[in-house]
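Visitor: I should like to go through this structure step by step, with the reasoning behind each answer. May we begin once it is on display?

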Amino acid sequence: YIVFFLFYLIGFTIHLYSVWQLHKTNTYHVLVKLLTTAMLVEFISVFCHLLHYSIYSTNGAGAPGLKGLGEILHMGSMLVLMFLLILIAKGWAITSNYVTNKNLLALIVAAFLIAYMSLFIWDNIGRDPASTVYFYDSIPGLIVVLLRVLTLLWFLWCLYKTRQLETLPDKRKFYIYVGAFYTVWFASLPFFVAIAAGLDPWYREKVVDGLILSSNALAFAVLCVLFWSSRAQDFFAVSVNNSMLLSTEDKAYGTSPAIHREDDHNL
């Protein structure tokens, strides 16, 4: 956790510089705000775990309250990150002014929230302390993995439809980059869990935690690069003509290299 604490400390500081640049030009977009929020919450989560294990090394018990808080913050960070990625895949404020299938999006967020809370309760109340069963061996954990796979499929479908209707070359490339990396990120959790199934029980949790922390750190780093202040202003614009014709249906997509304006960012 020391390595990841230093990573987030440095990475978040660099990201704040980019945020400051966006603030100066009044272009601190809500998508970048979601990224800032998710990254900050994950940073605090890592710090809580670092404190817990530092205390554990001295008293053999650690600080269960800090560990529990770190787990809740991590789950919250993942929810915000996945929500952000779906919004990007749907082209909101990049290709479209509207979010389609809002009810489905809310349902997925609610399903993850329930699954994460069930997983947290199982881990802190329902699990036998002497058991070697870890997070993703449990039923709530397997549900989280399944939801991640289903969300990946929807993410790819949204990204495919959005890119088809986008006309600007730079934005089409942006969707390719997002699709290529975050397909791997979404698929990483079930892949890590599958690998861990072949490991000795007392190693599984440590291996999966390390792999998840690494993949999440890369996920945040890539988004920080893609949404760097010099690039972000090019993405968050929708053409005037298209924005006038937008509806809440799938045809509410598409930009042109004509006149652009700053999006009103209304969901």
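Visitor: Over how many ångströms should helix α7 span at 1.5 Å a residue, and how far apart are its end C-alpha atoms?

Guide: Please note that this is a predicted model. Helix α7 covers residues 201–226, which is 26 residues. The expected span is 1.5 Å times one less than the number of residues. That gives 38 Å for α7, in agreement with the distance between its end C-alpha atoms, 38 Å.

Visitor: What is the order of elements along the chain?

Guide: The chain has nine helices and two strands. Read from the N terminus, the order is α-α-α-α-α-α-α-α-β-α-β.

Visitor: Are α6 and α7 roughly parallel or roughly antiparallel to each other?

Guide: The axes of these two helices come within 9 Å and cross at roughly 175°. Angles over 145 degrees count as roughly antiparallel. The contact involves, among others, W185, S188 and F192 of α6, and S215, A219 and L223 of α7. The arrangement of α6 and α7 is therefore roughly antiparallel.

Visitor: Is S215 buried or exposed?

Guide: S215 lies in helix α7. Leaving aside neighbours within four places in sequence, S215 is in contact with W185, S188 and F192. Its relative accessible area is 11%, and a residue under 20% counts as buried. S215 is therefore buried.

Visitor: Which other residues of α7 are buried?

Guide: Besides S215, the list for α7 includes the polar or charged residues R204 and N216. The remaining buried residues of this helix are V208, I212, L213, A217, A219, F220, L223, C224 and L226.

Visitor: Which residues touch the most other members of the largest nonpolar core?

Guide: This core has 68 residues, and the two that touch the most other members are Y136 and F155. Helices α1, α2, α3, α4, α5, α6 and α7 each supply at least two residues of the core. The most comes from α3, with eleven residues. The residues asked for are Y136 and F155.

Visitor: Which residues does F155 touch, not counting those up to four places away in sequence?

Guide: F155 is one of the α5 residues that meet α3. Its partners include L85, I86 and A89, which belong to α3. The others are V178, G179, Y182, T183 and F186.

Visitor: Are α3 and α5 roughly parallel or roughly antiparallel to each other?

Guide: M82, L85, I86 and A89 in α3 meet residues in α5 that include R148, W154 and T162. The two axes come within 8 Å and cross at roughly 25°. Angles under 35 degrees count as roughly parallel. The helices α3 and α5 are therefore roughly parallel.

Visitor: Is A93 buried or exposed?

Guide: A93 lies in the loop between α3 and α4. Its phi is near 65°, a positive value in a residue other than glycine. With a relative accessible area of 0%, A93 is buried.

Visitor: What is the phi of G60, just after α2?

Guide: Helix α2 has 30 residues and reaches 43 Å from its first C-alpha to its last, close to the 44 Å expected. Just after this helix, G60 takes a positive phi of about 75°.

Visitor: What share of the chain's accessible surface belongs to carbon and sulfur atoms?

Guide: Of the 267 residues in the chain, 48% are buried. The accessible surface comes to about 13100 Å², and the share of carbon and sulfur atoms is 69%.

How values were computed
Residues are numbered from 1 along each chain as its sequence is written. This is a predicted model: local features need pLDDT of at least 70, side-chain atom pairs count only at pLDDT 80 or more; totals for chains, interfaces and linings use all residues. Side-chain values use heavy atoms; hydrogens and water are left out. Helices (H or I, at least four residues) and strands (E, at least two) are DSSP runs, numbered from the N terminus. Buried means under 20% relative accessible area, exposed over 50%, partly exposed in between (1.4 Å probe, protein chains only). A nonpolar core is a set of buried Ala, Val, Leu, Ile, Met, Phe, Trp, Tyr and Cys residues joined through side-chain atoms within 4.5 Å. Contact means heavy atoms within 4.5 Å. Accessible areas come from the Shrake-Rupley method with a 1.4 Å probe; for residues, only the protein chains shown count as cover. Axes are lines fitted to C-alpha atoms, for helices over the stretch in contact, and angles run from 0 to 180 degrees between N-to-C directions. Angles under 35 degrees count as roughly parallel, over 145 as roughly antiparallel, 65 to 115 as roughly perpendicular and the rest as oblique.
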